[in-house]
Amino acid sequence: MAVTLTSNGAAIPFTENYFGDLQATDRRLESDALRARYEADGYVLLRDIVPVEDVLNLREAYLGRFAPGFCKNGDTRHGAFGGQIPANLPRHGLKGHPAYDFVRSDAFHAFADQPIFKILAEAFFDGPAERIRRTPLRHFVPGRKVASRAHMDRTYIEGVEADIVTVWVPLGDGPLMAGGLVYLEGSHRDTALEDKVRTGAPSDRANDNRPLTHDLKWISDRTGRRWLATDYKAGDVVVHSPTIVHASTDPGDTDYMRISTDIRFRRKDSPADPRWATDWSADDGY
Ligand SMILES: O=C(O)CCC(=O)C(=O)O
């Protein structure tokens with residue numbers, strides 16, 4: 001039977017017209033070869049690059065900040081949703097929500113500051129990199145039709161495209177059915193893309209014109225491009241360009257919670273966007 005996915009409630013058939021495979025790159029490649037893949041594809045998926053234990057320790061440390069009952073069977077390391085959201089829990093990432101304090105914790109900063117991410121960024125810049133402090137934590141709870149809308153990072157952060165890179169890190173496994181990140185194939189090279197999609201795009205956010213659309217099928221039809229998807233595993237990372245369009249699907253028939261973070265770098269001698277110089281909160285407006 002054909003599977004239909006949704007993203008923010010908008011349906012997209014899970015067929016080969018709309019989806020292809022996000023291809024992993026061999027992590028043993030030299031920097032030049034990694035850079036060539038990044039330039040050609042707009043992303044590089046590297047499997048097994050962060051020790052799984054480190055990723056699961058961070059997942060557990062974050063989910064351990066929620067009230068008992070939030071995780072199924074109290075298992076904060078696995079992190080299936082237990083079905084109970086505390087009545088007084090603020091919206092994700094606002095002051096008082098665990099994500100707000102967590103991105104300010106030593107454990108989170110130590111994770112983001114581990115050398116491998118900077119080494120990767122420097123390989124893509126072919127020069128020194130500096131980590132950008134504002135580091136969002138994403139957390140999607142099954143049963144809700146809430147996902148990342150189709151967007152490009154360059155809409156949100158100032159800087160020349162070649163001077164910014166995002167390392168997207170799933171904090172745990174990230175099966176597509178739990179709402180993993182998907183990339184619009186070849187969109188980073190499509191200089192006319194915004195012109196094509198800025199007019200007439202369906203939007204579920206009348207007051208925010210930064211996302212391109214929440215309707216992944218519409219943008220695929222409009223651009224003739226497929227979404228590239230994969231089942232991520234703890235330890236994987238995707239390094240992506242600020243010009244590639246990406247989004248996520250709603251959690252499907254699973255109780256596993258998708259949690260991830262976006263660790264960003266800028267070329268060391270490039271101008272810094274001052275709005276990104278402090279820790280993330282969901283209402284900081286960027
Ligand atoms: O993890 C996600 O769903 C999307 C994160 C993202 O694309 C972003 O922060 O730019």
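I began with burial: a residue is buried if 20 or more other C-beta atoms lie within 10 Å of its own, exposed if 12 or fewer, and partly exposed in between. One thing to keep in mind throughout is that this is a predicted model.

**Entry 1: the first hairpin**

With that cut-off in hand I went to strand β2, residues 10-13, where the side chains alternate. A10 and I12 point to one face and are buried, while A11 and P13 point to the other face and are not buried. I then looked for the partner of β2 and found β1, residues 4-7, paired with β2 in the antiparallel sense over 4 bridges. Within that pair, S7 stands opposite A10. The hairpin has 2 residues between its strands, and I noted that N8 takes a positive phi near 50° there.

**Entry 2: helix α5 and the core**

Next I looked up the largest nonpolar core, which has 72 residues. The residues with the most contacts inside this core are A121, F124, V167 and V239. Helix α5, residues 115-125, gives the core its largest share, 6 residues.

Which residues of α5 are buried? I listed F117, L120, A121, A123, F124 and F125. The buried residues of α5 pack against helices α1 (31-41) and α4 (106-112), and also against strands β6 (129-132), β8 (164-170), β11 (237-240) and β13.

I followed V239 further. Not counting residues up to four places away in sequence, V239 touches Y38, Y43, V44, L120, F124, V165 and V167.

**Entry 3: Y38 and D126, side by side**

Y38 was on that list, and I found it in helix α1. Is Y38 buried or exposed? Y38 has 21 other C-beta atoms within 10 Å, so it is buried. Leaving aside neighbours within four places in sequence, Y38 is in contact with V44, F124, V239 and S241. I also checked a distance: the C-alpha atoms of Y38 and F14 are separated by 26 Å, with their positions 24 residues apart along the chain.

D126 is in the loop between α5 and β6. Just after α5, D126 takes a positive phi of about 60°. I counted 11 other C-beta atoms within 10 Å of D126, so this residue is exposed. Its contacts, leaving aside neighbours within four places in sequence, are S31 and R35. The C-alpha atoms of D126 and L193, 67 residues apart along the chain, are separated by 27 Å.

**Entry 4: strand β8**

How many residues of β8 are buried? The tally is 7 of the 7, so β8 is largely enclosed by the rest of the structure. I164, T166, W168 and P170 point one way from the strand, and V165, V167 and V169 point the other way.

I looked up the partners of β8 too. β8 and β13 run antiparallel and are joined by 7 bridges, and the bridge partner of V167 in β13 is I263. β8 also pairs with β11 in the antiparallel sense, over 3 bridges. There, T166 has H240 as its bridge partner.

**Entry 5: strand β7**

From β7, residues 137-140, L137 and H139 point one way and R138 and F140 the other, and all are buried. I found 4 bridges joining β7 to β13, with the two strands antiparallel. R138 stands opposite S260 in β13.

**Entry 6: the open sheet**

I traced an open sheet of 4 strands in the order β3-β10-β9-β12, with mixed pairing. β3 (19-21) and β12 stand at the edges with a single partner strand each, so one side of each is left without a neighbour in the sheet. Neighbouring strands here are turned by 40° against each other on average, direction ignored.

Strand β9, residues 181-184, is joined to β12 by 3 bridges, and the two run antiparallel. Y183 stands opposite H246 in β12.

**Entry 7: around the ligand**

Which residues surround the ligand? I wrote down P136, R138, S148, D153, L181, H246, S248, S260 and D262. The elements giving two or more residues to this shell are β12 (246-248) and β13 (258-267). By type, the shell divides into 2 nonpolar, 4 polar and 3 charged residues. R138 and S260, the facing pair from the β7 entry, are both among the residues around the ligand.

Methods: Residues are numbered from 1 along each chain as its sequence is written. This is a predicted model: local features need pLDDT of at least 70, side-chain atom pairs count only at pLDDT 80 or more; totals for chains, interfaces and linings use all residues. A residue is near a molecule or strand if its C-beta atom, placed from the backbone, lies within 6 Å of it. Ala, Val, Leu, Ile, Met, Phe, Trp, Tyr, Cys and Pro count as nonpolar, Asp, Glu, Lys and Arg as charged, and the others, Gly among them, as polar. Two strands pair if DSSP finds at least two bridges between them. Axes are lines fitted to C-alpha atoms, for helices over the stretch in contact, and angles run from 0 to 180 degrees between N-to-C directions. A nonpolar core is a set of buried Ala, Val, Leu, Ile, Met, Phe, Trp, Tyr and Cys residues joined through C-beta atoms within 7 Å. Two residues are in contact if their C-beta atoms, placed from the backbone, lie within 7 Å.
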